[in-house]
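Visitor: Please take one part of this model and go through it closely, giving the cut-offs as you use them. I would then like to see how its surroundings fit around it.

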Amino acid sequence: MKHKLLLLLIAAGTALSVPAIAHHSFAATYFEDKTITIQGKLVQFLYRNPHSFVHVEAPDDKGVMQTWAVEWGAGGQLSREGVTRESLKPGDVVVITGNPGRNPDDHRIRMQSITRPSDGWNWKGVVR
Amino acid sequence: MGNVCRARALGSLLYAAALIAAFALVPSLFGQGVIGQFVPDVGLDLSGNWSPLLHEDFLERIPGPELVNYSGLPISEGARLWAESWDSSRLTLPEHQCQVHVAPYIYRGPLQMRFWNEKDPQSQKIIAIKNYISTYEQTRTIWMDGRPHPPAYAAHTWMGFSTGKWEGNILTVYTTHIKQGWVRRDGLPESDQATLVEHFIRHGNHLTHVSIVTDPVYLTQPLIKTQDFVLNIQAGGNWLYPCEEVEEVEGRPKGAVPNYLPGHNPFLTEYANMYHLPLPSALGGADTMYPEYMKVIENPAPEPADPLAKAEVTPRATPNEAPNPVPNDGEVHVLHVQGNVYMLVGAGGNITLQVGDMGVLMVDTGLANMADKVIAAIEKLSPHKPLQYIINTHVHPDHTGGNIKLHDFGVTITGANVTGDIADASKGAAIIAHQNVLDRMSAPTGEKSPFPADAWPTDTFLGDRKVMFFNDEPIQILHYKAAHTDGDSIVFFRHSDVISTGDIFVTTGYPFIDLQRGGSIQGEIDALNHLLDLAIPKHDEEGGTYIIPGHGRLCDRWELIEYRDMVTIIRDRIQAMIKQGKTLDEIKASRPTMDYDARYGHDTGFGTTDQFVEAVYKSLSEKH
């Protein structure tokens, strides 16, 4: 009986937690043991599935301006965590911290936190 | 034991026997015995919602596997090089973003799934077991009615074509026609030649899924995995997994395919070092599957001075002969693609037919000796309306050999103002091609022509396109200047949404770059990239625009993507070696195509692997 109850709980938990998993492997795509912080102007906010993206114009570690692709949660995950399609606007200055991509030419980051200093709006979490 | 006890025991036995008898009677009372002629299906019922037990292999399934972690997988040498060349940045390309987990892998996905039976409304026999898998919104159909699998030249899908049967309480499923995908999400490939045997075993509210993948291209032994599910009686949950491609990385050059040159993967030793494993164990292979391999890990051989040396290519062990899905039976086989368009295989190069109220338009005419059988196939598809147009995609005789007979078989229907005024206006179908095709087939007056004059195109164009409207369909004929040859055209049926590519794209080998007739590797890659721009998938890189290759099986955009990737990666490798000053012989000896040879390589006959490497080398070196 306990076994059946456990299975049902696992089933219910699985159905309700709804992980929005990328088709790619995070370990294969990002340096999960490193972090990078950028500050720049938001160019585009793609609120979508399976993952949202934020594109930001910000300098790299050599001071050269780059367009960074920051991978964020799925639309469903973000909406549960209070982020909507209107949360960010083109031109917003934001500070982003996350795991850098393995291919440096891609200027890619897996989001860990984002802050908009002008009004203090922020998000912090785990992109799944 | 006393009498009372014996009586109780006997009573219990009788009671149990009565219960068993009653339960045994139930099916006959409510089955075929009492109510009509209903015959229950053999086997259990899998119907219902099932949730995966994600804790099984959690690290691989949810966060994802590490790079160059190939442990425990019976991969071939070619698969290893394929994966070592794989840069995860490739998944940022828009055309790769919605790649689906193939059928053998999708049960490792995170979301729930649903089974239901489709029954014949009259007999109530099961026709098919349907399986909707939320991960990537895939629906599998497991046919239970004994139908055969499609021919090898039919299109492949992510879920493949499945037939099933109950073996006691186990549903056994056999699947073919699976697209190329991966066996692990760190670049390890699974080829489109893989087949799958599955066993679905239900134990009450628990379901065990056993998958056995056989891949003659990238596995040296069958790969067996199990995963478990529990019945989920809760309503709701997530059933959707939409994916739309976007521009993730800006500014990347068009046609670039991120890859590591052989021996240059910077992460080759990362996983092995992280877990203090000898590198060979991380590089996988059949021996790493078995418990005995622990002895090797505990007593590893001394590491070589250069760990990358282990990843270098080795001499070819077995000859390669790429699979050909077209039956070699001397017959012409017809496959309806979609809309007005059909594919004919078996006559040499593939032939495309567009059939409608106005008649027939065909792309390429196959080999000369197959023309009568091609005509018979056309007459069957269009018994009352004539062949009016022939389009030649290029000059080669396996695509133009039937020109004379097919031209004579067809008619040209001209405008009313000229009908009757021009003697041959209604005699013979028009043969359309780029001017370069005519130039290659003909010769100036007084010189010997390589093709008989009756086979020559009758209607040529000089620019990069010609358009037509036939059978209620707009048709574009698009010319590429220097790809397979200098006279290549593709034909895009815009309403039917089918593209006929000629030999720019084949599934039976590497592209044949005909340098003598103006072909080039860069033109070939440019043409493949342009074809990718034209094709639009219906859902997650499947369906939508269908592609009829010059040789081989029916495809959609996904096969074009993989082919473009392959040609581009091999180009990159040969180009890098030319920059290093390597000779053609040195380049051939390094086997720059090794990871693709088991799928596309030919050691003998026309269009060998060596010829391809040589053509790429000469094209890049401009030494031809």
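Guide: Two residues are in contact here if their C-beta atoms, placed from the backbone, lie within 7 Å. This is a predicted model, in which local features need pLDDT of at least 70 and side-chain atom pairs count only at pLDDT 80 or more, while totals for chains, interfaces and linings use all residues. Residues are numbered from 1 along each chain as its sequence is written, and chains are lettered from A and ligands numbered from 1 in the order in which they are written.

The part chosen is helix 13 of chain B, residues 557–579; helices (H or I, at least four residues) and strands (E, at least two) are DSSP runs, numbered from the N terminus.

Take its contact with helix 16 of chain B, residues 609–621. From helix 13 of chain B come Ile570(B), Arg571(B), Ile574(B), Gln575(B) and Ile578(B), which meet Val613(B), Val616(B), Tyr617(B), Leu620(B) and Ser621(B) of helix 16 of chain B. By class this contact has seven nonpolar, two polar and one charged residue; Ala, Val, Leu, Ile, Met, Phe, Trp, Tyr, Cys and Pro count as nonpolar, Asp, Glu, Lys and Arg as charged, and the others, Gly among them, as polar. The two axes (lines fitted to C-alpha atoms, for helices over the stretch in contact, with angles from 0 to 180 degrees between N-to-C directions) come within 10 Å and cross at roughly 60°. Helix 13 and helix 16 of chain B are therefore oblique to each other, on a scale where under 35 degrees is roughly parallel, over 145 roughly antiparallel, 65 to 115 roughly perpendicular and the rest oblique.

Helix 13 of chain B also packs with helix 12 of chain B, residues 521–534, at an angle of about 155° and with the axes 10 Å apart. That angle makes helix 12 of chain B roughly antiparallel to helix 13 of chain B. On the side of helix 12 of chain B, the contact is made by Ile521(B), Glu524(B), Ile525(B), Leu528(B), Asn529(B), Leu531(B) and Leu532(B). Helix 13 of chain B answers with Arg557(B), Leu560(B), Ile561(B), Tyr563(B), Arg564(B), Val567(B), Thr568(B) and Arg571(B). This contact divides into nine nonpolar, two polar and four charged residues. Arg571(B) thus appears in the contact with helix 12 of chain B and in the one with helix 16 of chain B.

A further neighbour is helix 3 of chain B, residues 77–85. Nine of its nine residues are buried, so helix 3 of chain B is largely enclosed by the rest of the structure. A residue is buried if 20 or more other C-beta atoms lie within 10 Å of its own, exposed if 12 or fewer, and partly exposed in between. The buried residues include Glu77(B), Arg80(B) and Glu84(B), along with Leu81(B) and Trp82(B). They pack against helix 13 of chain B, and also against strand 8 (188–190) and helix 15 (594–600) of chain B.

Next, the core. The largest nonpolar core (buried Ala, Val, Leu, Ile, Met, Phe, Trp, Tyr and Cys residues joined through C-beta atoms within 7 Å) has 86 residues, of which Leu344(B), Met362(B), Val374(B), Leu560(B) and Val616(B) touch the most other members. Helix 13 of chain B supplies the largest share of this core, ten residues. Another core, of 58 residues, lies apart from it, with Phe115(B), Ala194(B), Leu207(B) and Tyr271(B) among its members. Of the central residues, Leu560(B) also belongs to the contact with helix 12 of chain B, and Val616(B) to the helix 16 side of the other contact. Leu344(B), leaving aside neighbours within four places in sequence, is in contact with Val332(B), Val334(B), Asn350(B), Ile351(B), Leu353(B), Val374(B) and Ala377(B).

Two residues of chain B elsewhere give the two ends of the burial scale. Val183(B), in strand 7 (residues 181–184) of chain B, counts as buried, with 26 C-beta neighbours inside 10 Å. Beyond four places in sequence, Val183(B) is in contact with Leu73(B), Tyr105(B), Leu188(B), Glu190(B), Val213(B) and Leu223(B). Pro148(B) lies in the loop between strand 4 (138–143) and strand 5 (161–167) of chain B, and is exposed, with 8 other C-beta atoms within 10 Å.

Finally, the other chain. In all, 30 residues of chain A are in contact with 38 residues of chain B. Helix 1 of chain A gives the most to the side of chain A that touches chain B, with eight residues. That side divides into 16 nonpolar, nine polar and five charged residues.
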